[in-house]
Amino acid sequence: MDQKQINSQMPEAYRLRAFDVLDSTNKEAIRAAEKGEAANLWITAESQSSGKGRRGREWISSEGNLFCSLLLENKKDALTASQLSFVAALAVYDTAAEILGSAEDIQCKWPNDILVKNQKISGILLESSGFGNNAPEYIIIGIGLNLSSYPKEALYPAVDFKSLGKDTTPKEAIGILAKYMAEYIRLWHKEGFHPIRKKWLKQVKGQGSEIIVKLPSEEIIGCFVDLDLTGALMLQTDTGLRLITAGDVFFPKLATD
Ligand code: BTN
């Protein structure tokens with residue numbers, strides 16, 4: 001990617017550093033934070049040699065997809081900062097809608113996946129760096145967008161924009177994503193979690209229905225009731241209400257599927 005050209009596409013107060021190859025854009029953002037670099041920095045790579053997924057999984061990262069991380073300075077407590085995962089999900093949702101030209105088939109899946117036609121098109125990994133006053137000094141929002149390929153053997157069925165008839169380059173995609181991220185971050189700073197939570201719930205799949213949550217040691221089935229004010233999933237099970245803070249959500253197969 002041509003760095004100068006892309007930088008001109010960045011929203012005001014944001015910068016972009018584009019790499020050909022990195023181990024992981026999240027790792028590079030953490031290194032930048034450790035060096036004391038100024039925040040509001042986007043990092044992109046055309047490919048990653050050890051892309052990180054959620055819950056210690058690998059994120060397959062071959063050329064043609066978007067791999068990026070946003071380094072943000074943090075002044076909130078850790079729980080409040082984790083709301084940025086939903087901020088990022090809304091930005092990816094709007095990015096997908098702009099690329100596809102419609103939001104019709106797009107849904108959010110807890111905690112921060114975006115589905116198109118019930119298939120995962122992106123991944124978001126929030127990390128932090130540096131701890132002062134019991135709160136992280138930096139938040140790193142890592143985002144992978146399946147533009148031209150997707151893993152065939154994934155935990156959750158996946159898809160890419162190319163298969164959906166939309167050819168988009170990483171350069172085009174980062175410009176769109178950075179624009180929506182800046183908008184939703186501004187909204188979150190101004191009005192807090194309330195509008196973010198409300199919008200996310202409007203766009204989520206499965207609220208009010210039975211879902212399956214897979215944790216490393218158990219599988220829980222229950223009704224997805226709501227999202228609490230900290231971003232935890234509220235699941236009504238046979239044994240009572242459970243608050244889920246980590247895990248993978250699946251939907252039961254319908255007889256019509
Ligand atoms: C998931 O497992 O769903 C989250 C995947 C996040 C992948 C992105 S790609 C850019 C950034 N760098 C990484 O190493 N991971 C994130």
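How far is an oxygen atom of the ligand from an N or O atom in the side chain of S24? Select both and find out. The gap is 2.8 Å. Keep in mind that this is a predicted model.

**Stop 1: contacts of the ligand**

Stay on the ligand and select T25. An N or O atom in the side chain of T25 is 3.0 Å from a nitrogen atom of the ligand. Now select K120. One of the polar atoms in the K120 side chain lies 2.6 Å from a ligand oxygen. Next, show the surface. On its own, the ligand has 410 Å² of accessible area, and the protein covers 99% of that.

**Stop 2: the shell**

Select everything around the ligand. You should have 20 residues. The closest of them are S24, Q48, K52, R54 and K120. Colour the shell by class. It shows 10 polar, 6 nonpolar and 4 charged residues.

Which helix and strands supply at least two shell residues each? Select α2 (25-34) to see the helix. Then add the strands β3 (66-73), β7 (122-132) and β8 (135-145).

**Stop 3: the pocket**

Hide the ligand and look at the space it takes. That space is the largest pocket. Its volume is about 630 Å³. The pocket is lined by 39 residues. Select G53, E58, W59, I60 and K120, the lining residues closest to the pocket centre. K120 is also among the residues closest to the ligand.

How can empty space be found at all? Rolling a probe the size of a water molecule over the atoms shows where space is left.

Colour the lining by class too. Here 15 residues are nonpolar, 14 are polar and 10 are charged. Now select α2, β3, β7 and β8 again, and add β13 (248-250). Each of these supplies at least two residues of the lining.

**Stop 4: two backbone details**

Most peptide bonds are trans, and most residues other than glycine have a negative phi. The next two selections go against that pattern.

First, go to W110 and P111. The peptide bond from W110 to P111 is cis, and its omega is near 0 degrees. Where does P111 sit? Look in the loop between β4 (106-109) and β5 (113-116).

Second, select R55. This residue is not a glycine, yet its phi is positive, about 55 degrees. You will find R55 in the loop that runs between β2 (41-48) and β3.

Notes. Residues are numbered from 1 along each chain as its sequence is written. This is a predicted model: local features need pLDDT of at least 70, side-chain atom pairs count only at pLDDT 80 or more; totals for chains, interfaces and linings use all residues. Side-chain values use heavy atoms; hydrogens and water are left out. A residue is near a molecule or strand if one of its heavy atoms lies within 4 Å of it. A polar contact is a pair of N or O atoms within 3.5 Å; within protein, one must be able to donate a hydrogen and the other to accept it, and residues adjacent in sequence count only if both atoms are side-chain atoms. Accessible areas come from the Shrake-Rupley method with a 1.4 Å probe; for residues, only the protein chains shown count as cover. On a 1 Å grid over the protein atoms alone, a cavity is a set of points where a 1.4 Å probe fits but cannot get out, and a pocket is an open set with protein on both sides within 12 Å along at least five of seven lines; lining residues have an atom within 4 Å of a point. A molecule sits in a cavity or pocket if more than half of its atoms lie within 2 Å of its grid points. Helices (H or I, at least four residues) and strands (E, at least two) are DSSP runs, numbered from the N terminus. Ala, Val, Leu, Ile, Met, Phe, Trp, Tyr, Cys and Pro count as nonpolar, Asp, Glu, Lys and Arg as charged, and the others, Gly among them, as polar. Grid points are joined across faces, edges and corners, and a volume is the space filled by probe spheres set on the points.
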